[in-house]
Amino acid sequence: MEYLSKLRHDPLLNTTSITLPSSLLSKHLHSNFTELLRFTSFLISIAAFFIFHKSKPILYLLFLFSCFIFLKRLILSKAAPVYLVDFSCLRPPSFCRVPFSTFIENVSMFQCFDSESISFMAKLLTSSGLSEETFLPPALQYIPPNTHLQESIQEVHMVLFPVMEDLLSKTRLSPCDIDILIVNCSGFCPSPSLSSIIINKYSLRSDIKSYTLSGMGCSASAIGVDLARSLLRIHKNSNAVVISTEILSTGWYSGNERSKLILNCLFRMGSAAILLSNKKEAKKSSKYKLSRTVRTQNAFDDQAHFSAVREEDSKGNLGFTINQNVLQVVGETLRSNVTVLGSSILPFSEKLWLVFSILRKTFIDKSSEIYVPNFKTVIQHFCLPTSGRAMIRDIGKGLKLGDKDIEPALMTLHRFGNQSSSSLWYELAYLEAKVRVKKGDKVWQLGLGSGLKCSSLVWECIRPIVGESKKGPWADCISCYPIPTVDKGI
């Protein structure tokens, strides 16, 4: 596995180049300063009242008017909370299961791969962290694969309709009550769009705000939730549905470049549908409240922009290239996101240690390491990118997480493979099935996508969550997890 070994390094503990996102931090500090300024103005108004309380009546009127303006702005600036009512994850049909032996036998018959490529994929599968229980769509089980448009549309129906119907059923939501629809799929963008397919299937309202996101990679679901949050700040008393998936039949690579063969082996079927709401009555039935969202990206940097890109090989075969510098730029992108998130949620003591370590490295000892804040002081559960076992462990090490913290990502990779943007929801479903999420706990969902871009969602559990082990994608196997050998990285 020479190619993969070149990719290994710790993305968060590499301190040879520390890039602090000054613009993002400035924006965050400016927001805090604005709130402080408003509060100071209010205090000044109170002081003015006591100073001029024996003065002319006009000053009373001015005081009351200033208080009214302040309170009005304060109330309007506080948007209604965004709640996660519930979510659904696809459990692919059993006939889509592809054991390693079947996969290797099929690719050996495709006639487009040479013996070295077949050997490379076989070694990659056995060391990937995937189990024999993952799923591929029927289009990729033909010999040769059938990657025509109609097959991809059939795959869309197979992965999107079941999760949508399950979400509507478990939340008792009528399709007519959906105000906002966001569908994300990175590699497949048909016309009519994926959101139009959903609208047509379920006869959604004519005034629905619909969006289709493409090319966003594995961070697309978190981006979709952030977009929904922004829309819900404008549209009061509304429901938003976010649907995340990846259509694999259009992303299959039929060439022999190793950097493009990785996705053939790691990406598997999956989809998720999420119901968000800002309605007051939604609080009673919702599972979580959205606490924080942070988005950062390094697309302005050529090295990051071309670290993972869809392109043709020398023979015209379209595939997704993962370059050897991907972990380095992932580390830089992730570090920027973590810095901004930490500045808003970490306790003062952790922030102080971080600032001290940066000053020490800058002015005293350049060989010293930057302090990595302990996010477990405020976050109880973590949903990490399932980009591969090595990536999961490296991110966990960089964030100072234990084996139990990275367990949801490793188990999701093992049971379902890398499902791109929807993997975050299978991890949350795993935590719920294990009855680990308690009322008051906070969950951090971290998405990384091509570009590169990084998105963080922090959820606060607002009610007890029980009974999930008997339903959802883990219902038939949760008792078998965690797999001890996977925990040890064997």
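## A walk through the sheet and a cavity

Four cavities of 30 Å³ or more are counted here. Keep in mind as you click around that this is a predicted model.

**Stop 1: a cavity.** Let's start with the second largest cavity, whose volume is about 110 Å³. Its lining has 15 residues, and to find the centre you can select Phe87, Ala429, Glu468, Gly472 and Pro473, the closest to it. Next, colour β1 (83-89), α6 (149-171) and α16 (423-433), each of which supplies at least two lining residues. Which of the elements gives the most to this lining? That is β1, with four residues. If you colour the lining by class, expect six nonpolar, two polar and seven charged residues.

**Stop 2: the whole sheet.** Stay with β1 and bring up its neighbours. You should find an open sheet of nine strands with mixed pairing, in the order β3-β2-β4-β5-β1-β6-β11-β10-β9. Why do β3 (209-213) and β9 (381-383) each have one side without a neighbour in the sheet? Both stand at the edges with a single partner strand, so that side is left unpaired. Looking along the sheet, you can follow a twist that averages 20° from one strand to the next. As background, sheet strands pair through backbone hydrogen bonds, in either a parallel or an antiparallel way.

**Stop 3: the β9 edge.** Select β9 together with β10 (residues 442-449): the two run parallel and are joined by three bridges. To see one of the pairs, show His381 and its bridge partner in β10, Val443.

**Stop 4: strand β5.** Now select residues 271-277. Is this strand buried or exposed? Seven of its seven residues are buried, so β5 is largely enclosed by the rest of the structure. Show the side chains: Ser271, Ala273, Leu275 and Ser277 point one way, while Ala272, Ile274 and Leu276 point the other, and all are buried. Then add the strands that pair with β5:

- β1 is antiparallel to β5, over six bridges; here Cys89 has Ala272 as its bridge partner.
- β4 is also antiparallel to β5, over seven bridges; here Ala240 has Leu276 as its bridge partner.

**Stop 5: two helices across the sheet.** Finish by showing the helices. Helix α7 (residues 194-202) lies across β2 (180-184), β3 and β4 (239-245), and its direction is about 130° to β2. For another helix, select α12 (residues 326-345), which lies across β6 (288-297), β10 and β11 (453-461) and runs at about 135° to β6.

How values were computed: Residues numbered from 1 in each chain as written. Predicted model: local features only at pLDDT ≥ 70, side-chain atom pairs only at ≥ 80, totals over all residues. Heavy atoms only, no water. 1 Å grid on protein atoms, 1.4 Å probe; cavity = no way out; pocket = protein on both sides within 12 Å on 5 of 7 lines; lining within 4 Å. Points joined across faces, edges and corners; volume = space filled by probe spheres on them. Nonpolar A, V, L, I, M, F, W, Y, C, P; charged D, E, K, R; others polar. Pairing = 2+ DSSP bridges. Axes fitted to C-alpha atoms, helices over the stretch in contact; angles between N-to-C directions. Contact = heavy atoms within 4.5 Å. Buried < 20%, exposed > 50% of the residue type's maximum accessible area, 1.4 Å probe, protein only.
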